[in-house]
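Let's take a walk through a protein model together. Keep the sequence and the 3D view open as you read.

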Amino acid sequence: ATYKKPLKEALSLFMKAICANAQNSQGYIGVAYLSLLVSDKKTARRYLEHVLKHVDDTSEDAKRLLEYIDTDTDESNEALNAEGNTETSVADVVRNTDSESQGGGAASTSESQKAESQ
């Protein structure tokens, strides 16, 4: 799909932000938001909970996104899937992006997995 390349670029920038300053919540929140865009609530929740536990326990953005995840219903997920979105993870999107930049994709994926394990 046409969204994969911009998503990969955005994910790469958020990962660079996390690596540059792990105490700034915005990189984590960005990855969480991208995860929600591809219906990967598990990854989004992991990043948002990390923010609240280890980076900024007062982050209103993280709290609001977690509240959205908690109140999101199966009906809205079905609506998203009916529009052509299928459940996938941000890492899947990066891995499956066309292989013109194989080196960058692998680095972004390993950075994603590294940050997710924190």
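## A tour of the helices

On the other side of H1 from its buried residues, Leu 13 and Ala 20 are exposed. The buried ones in this helix are Leu 7, Lys 8, Leu 11, Ser 12, Met 15 and Ile 18. Around the helix axis they cover an arc of only 135 degrees, which puts them on the same side of H1.

Before going further, remember that this is a predicted model. The mean pLDDT of the chain is 76, and 60% of the residues reach 70 or more. Take care with residues 97–118, where pLDDT stays under 50. For that stretch the model has 25 contacts beyond four places in sequence.

What is the chain built from? It has 7 helices and 0 strands, so to speak an α-α-α-α-α-α-α run when you start at the N terminus. Of its 118 residues, 38% count as buried. If you look at contacts with a separation of 6 or more, 59% of them come from residues 24 or more positions apart.

Here is how three of the helices compare with the span expected at 1.5 Å a residue.

| Helix | Number of residues | Expected span | Distance between end C-alpha atoms |
|---|---|---|---|
| H1 | 17 residues | 24 Å | 24 Å |
| H3 | 15 residues | 21 Å | 20 Å |
| H4 | 12 residues | 16 Å | 16 Å |

Now find H3, which covers residues 41–55. Which of its residues are buried? They are Thr 43, Ala 44, Tyr 47, Leu 48, His 50, Val 51 and Val 55. Seen down the axis of H3, these buried residues fall within an arc of 150 degrees, so they line one face of the helix. Flip to the other side of H3 and you meet Lys 42 and Lys 53, which are exposed.

H4, at residues 60–71, can be read in the same spirit. Its buried residues are Ala 62, Leu 65, Leu 66 and Ile 69. They cover an arc of only 100 degrees around the axis, which puts them on the same side of H4. On the other side sit Arg 64, Glu 67 and Thr 71, and these are exposed. What covers the buried residues of H4? The cover includes helix H2 (25–37) and helix H3 (41–55).

Let's stay with Arg 64 for a moment. This residue is found in helix H4. Why does Arg 64 count as exposed? Its relative accessible area is 51%, and the cut-off for exposed is over 50%. Its C-alpha atom is separated by 9.7 Å from that of Leu 48, which is 16 residues apart from it along the chain.

## Into the core

In general, nonpolar side chains in soluble globular proteins tend to be buried together. In this model, the largest nonpolar core has 20 residues, and those with the most contacts inside it are Tyr 47 and Leu 48. Helix H1 (4–20), H2, H3 and H4 each supply at least two residues of this core. Which helix gives the most to this core? That would be H2, with 6 residues.

Zoom in on Tyr 47 and you'll also find a ring partner. The structure holds 1 aromatic pair. The rings of Tyr 28 and Tyr 47 have their centres 6.3 Å apart and their planes at 45 degrees, so the pair is tilted. Tyr 28 lies in helix H2 and Tyr 47 in helix H3, so the pair ties together parts that are 19 residues apart in sequence. Are these two rings' residues buried or exposed? Tyr 28 is buried, at a relative accessible area of 1%, and Tyr 47 counts as buried at 1% relative accessibility.

## An odd one in the loop

Last stop: Ser 39, in the loop between H2 and H3. Most residues other than glycine have a negative phi. Ser 39 is not a glycine, yet it has a positive phi of about 60 degrees. Ser 39 is also buried, with a relative accessible area of 13%, and buried means under 20%.

Note on methods
Residues numbered from 1 in each chain as written. Predicted model: local features only at pLDDT ≥ 70, side-chain atom pairs only at ≥ 80, totals over all residues. Heavy atoms only, no water. pLDDT = per-residue confidence, 0-100. Contact = heavy atoms within 4.5 Å. Helix = DSSP H or I, 4+ residues; strand = E, 2+ residues; numbered from the N terminus. Expected span 1.5 Å × (residues − 1). Buried < 20%, exposed > 50% of the residue type's maximum accessible area, 1.4 Å probe, protein only. Arc of directions from axis to C-beta. Phe/Tyr/Trp six-rings, centres within 6.5 Å; stacked < 30°, edge-to-face > 60°. Core = buried A, V, L, I, M, F, W, Y, C linked by side-chain atoms within 4.5 Å.
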